[in-house]
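Reader: I'm new to this and I'd like to learn how to read a protein fold. Could you walk me through one?

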Amino acid sequence: MNSKAMIKAVVENDMCIGCGMCAAQCKTGAINMKMNDFGFYNANFDDLYEVDENAIKVCPFNPKPDDKVKTENEISELFLTQANNQHDKIGRYINTYAGYSVEHRLTSSSGGIATYTLTELMRRGEVQHVISVKNGQATKHYQYTIISSIDELVDAAKTKYYPVTLADVLKDIAKLNGKVAIVGVACFVKAIRLAQVYDPSFNDKVGFIIGIICGGVKSAFFAEYLASKTGVSVKDFSQPEFRIKDHNSTAADYAYGCLDKNNNQKTIKMRNVGDMWGTGLFKANACDYCDDVTTELADLSVGDAWLEPYVRDGRGHNVLVTRSLLADDIIKSGFINGALVIEELSENMFLASQQGSYNHRHDGLLYRIKHGRTDSRVIPPKRFNTKLISPLLMLIQSMRMNSRRKSLEVWKEEKSASMFDARMKKHLYLLRLFTRFNHYQRAILRRVNKIVGV
């Protein structure tokens with residue numbers, strides 16, 4: 001396939017994640033981003049002939065990348081030269097931590113470290129602008145926005161499980177005076193790094209990248225489904241909030257909320273909704289072929305501290321990975337001056353905080369490549385595609401792929417949470433049953449290994 005045909009194949013095989021970097025970098029202007037029938041942004045073009053030949057080079061799911069950017073390993077060697085530690089599951093790094101921002105914790109989804117870091121970057125003059133996700137138009141709910149003052153940063157603090165694209169804001173980046181910090185999930189961060197490699201003018205503008213550790217990009221259907229669960233029509237809801245914390249409970253005991261047509265907030269505890277992550281519901285297909293768990297290419301990677309004792313505190317904690325000296329200095333300085341409550345985290349503890357994602361993305365990757373519906377020719381080179389898994393795990397992987405696909409197909413037809421739940425009930429029951437059995441099996445194996453000293 002030539003480069004234009006590869007762009008077409010990426011989109012047609014649902015491997016486009018909607019980052020919009022190809023549109024931003026396409027010199028002919030032939031590519032734009034459009035939300036498809038399943039609630040994801042995709043690259044859209046009327047005439048493939050008009051598409052810039054080099055647009056595929058900045059796609060994070062380019063199936064035939066140049067050797068110098070073949071995987072995250074090669075890209076990190078270009079940008080993270082100050083990181084003196086290397087771990088195959090964490091990437092290049094300087095330190096790993098857990099903690100929170102005293103000022104920003106309660107207004108953030110978890111520990112507020114990302115908001116604190118962006119504030120420090122602007123205060124120090126390291127960057128003059130921040131590109132992050134804020135409230136958008138009513139039809140979009142959220143969109144990437146250019147922020148040019150510290151006061152605006154608080155509006156971009158919380159996690160938004162909603163599709164967005166960088167295409168429009170990055171087209172304006174050349175007009176900005178000074179440098180920018182950009183916040184994004186792993187695939188978006190990879191696209192930014194690729195653009196830095198191939199576009200020197202863009203490279204000069206990027207001063208810092210914060211990576212959000214991601215469990216998978218969700219369709220717009222996810223917000224609609226949750227709104228319907230609160231009793232609000234999908235036609236009438238606005239201002240969806242995905243992480244409303246209960247400060248007096250645990251970190252996992254958060255709620256979803258939205259406004260109805262009368263601007264009354266309706267909420268539902270996510271524990272009453274069920275597992276929205278391990279099941280793969282409403283997730284992008286491309287996410288099943290991403291092996292970057294920790295946003296390995298960012299200067300600073302930030303995620304939720306899903307481990308003891310941090311999960312007991314509903315006010316929230318972050319785990320974080322520093323990969324540049326500037327990132328590490330901001331964190332250490334914040335600890336010294338009392339703005340951050342931080343402690344160093346061992347590699348093993350950090351890995352434990354993301355163990356579920358490692359189990360799925362790394363251990364099950366080979367099975368998904370071999371048995372998924374995606375044409376293997378459009379899957380980029382992968383680093384964790386050799387592990388053999390048990391028949392039980394193969395069954396679970398197959399059921400997750402099916403639930404991901406089926407959830408999108410069913411919601412497209414129904415748009416009603418009660419109808420959706422009824423049609424998905426049997427499949428999700430069986431998936432939960434086999435997943436629970438796998439957890440029991442693992443727990444027994446861990447006990448046996450502990451007894452025999454393995």
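Reader: Let me start with two strands. How many bridges join β5 to β14, and do they run parallel or antiparallel?

Author: Keep in mind that this is a predicted model. Here, β5 and β14 are joined by five bridges and run antiparallel. To see one such pair, find Tyr-97, which stands opposite Leu-320 in β14.

Reader: And what joins β5 to β15?

Author: Five bridges again, and the run is antiparallel. Look for Gly-99 this time: its bridge partner in β15 is Ile-342.

Reader: How many residues of β5 are buried?

Author: Seven of its seven, so to speak a mostly covered strand; the cut-off for buried is under 20% relative accessible area.

Reader: Now zoom out for me. In what order do the strands of the sheet come?

Author: When you read a sheet, walk across it from one strand to its neighbour. In this one, eight strands form an open sheet, and the order is β7-β6-β8-β9-β13-β14-β5-β15, with mixed pairing. The edge strands are β7 (142-147) and β15 (340-344), each of which pairs on one side only. From one strand to the next, the twist averages 25°.

Reader: Which strands in there run parallel?

Author: Take β6 (residues 129-135) and β8 (residues 180-184): they run parallel and are joined by three bridges. Within that pairing, Val-130 stands opposite Ala-181 in β8.

Reader: Which helices pack on the sheet or lie across it?

Author: Let's look at two. Helix α4 (residues 113-124) lies across β5 (95-101), β6, β7, β8, β9 (206-212), β13 (300-304), β14 (318-322) and β15, and runs at about 175° to β9. Helix α9 (residues 325-336) also packs on the sheet, where it touches β5, β9, β13, β14 and β15. The direction of α9 makes about 115° with that of β15.

Reader: How do I think about a single side chain in a strand?

Author: Here's the general idea: in a regular strand the side chains alternate between the two faces of the sheet. For a case to look at, pick Ser-132, which sits in strand β6.

Reader: Is Ser-132 buried or exposed, and why?

Author: Ser-132 counts as buried because its relative accessibility is 6%, and the cut-off is under 20%. Leaving out residues up to four places away in sequence, Ser-132 touches Gln-143, Tyr-144, Thr-145, Ile-147, Ala-156 and Val-183.

Reader: What about empty space? How many cavities are there?

Author: The count comes to five cavities of 30 Å³ or more. About 120 Å³ of space lies in the largest one. That largest cavity is lined by 15 residues, and the closest to its centre are Val-10, Cys-16, Cys-22, Ala-43 and Cys-59. Helix α1 (residues 3-12) gives the largest share of the lining, three residues.

Reader: Which classes of residue line the largest cavity?

Author: Sort them by class and you get 13 nonpolar, two polar and no charged residues.

Reader: And pockets? What is the volume of the second largest one?

Author: About 490 Å³. Its lining has 26 residues, of which Asp-14, Asn-285, Thr-374, Arg-404 and Arg-405 lie nearest the centre. The elements that give two or more residues to this lining are α12 (365-371) and α13 (391-414), and the largest share, seven residues, comes from α13.

Reader: How does the lining of that second largest pocket split by class?

Author: It has ten nonpolar, nine polar and seven charged residues.

How values were computed. Residues are numbered from 1 along each chain as its sequence is written. This is a predicted model: local features need pLDDT of at least 70, side-chain atom pairs count only at pLDDT 80 or more; totals for chains, interfaces and linings use all residues. Side-chain values use heavy atoms; hydrogens and water are left out. On a 1 Å grid over the protein atoms alone, a cavity is a set of points where a 1.4 Å probe fits but cannot get out, and a pocket is an open set with protein on both sides within 12 Å along at least five of seven lines; lining residues have an atom within 4 Å of a point. Grid points are joined across faces, edges and corners, and a volume is the space filled by probe spheres set on the points. Helices (H or I, at least four residues) and strands (E, at least two) are DSSP runs, numbered from the N terminus. Ala, Val, Leu, Ile, Met, Phe, Trp, Tyr, Cys and Pro count as nonpolar, Asp, Glu, Lys and Arg as charged, and the others, Gly among them, as polar. Two strands pair if DSSP finds at least two bridges between them. Axes are lines fitted to C-alpha atoms, for helices over the stretch in contact, and angles run from 0 to 180 degrees between N-to-C directions. Contact means heavy atoms within 4.5 Å. Buried means under 20% relative accessible area, exposed over 50%, partly exposed in between (1.4 Å probe, protein chains only).
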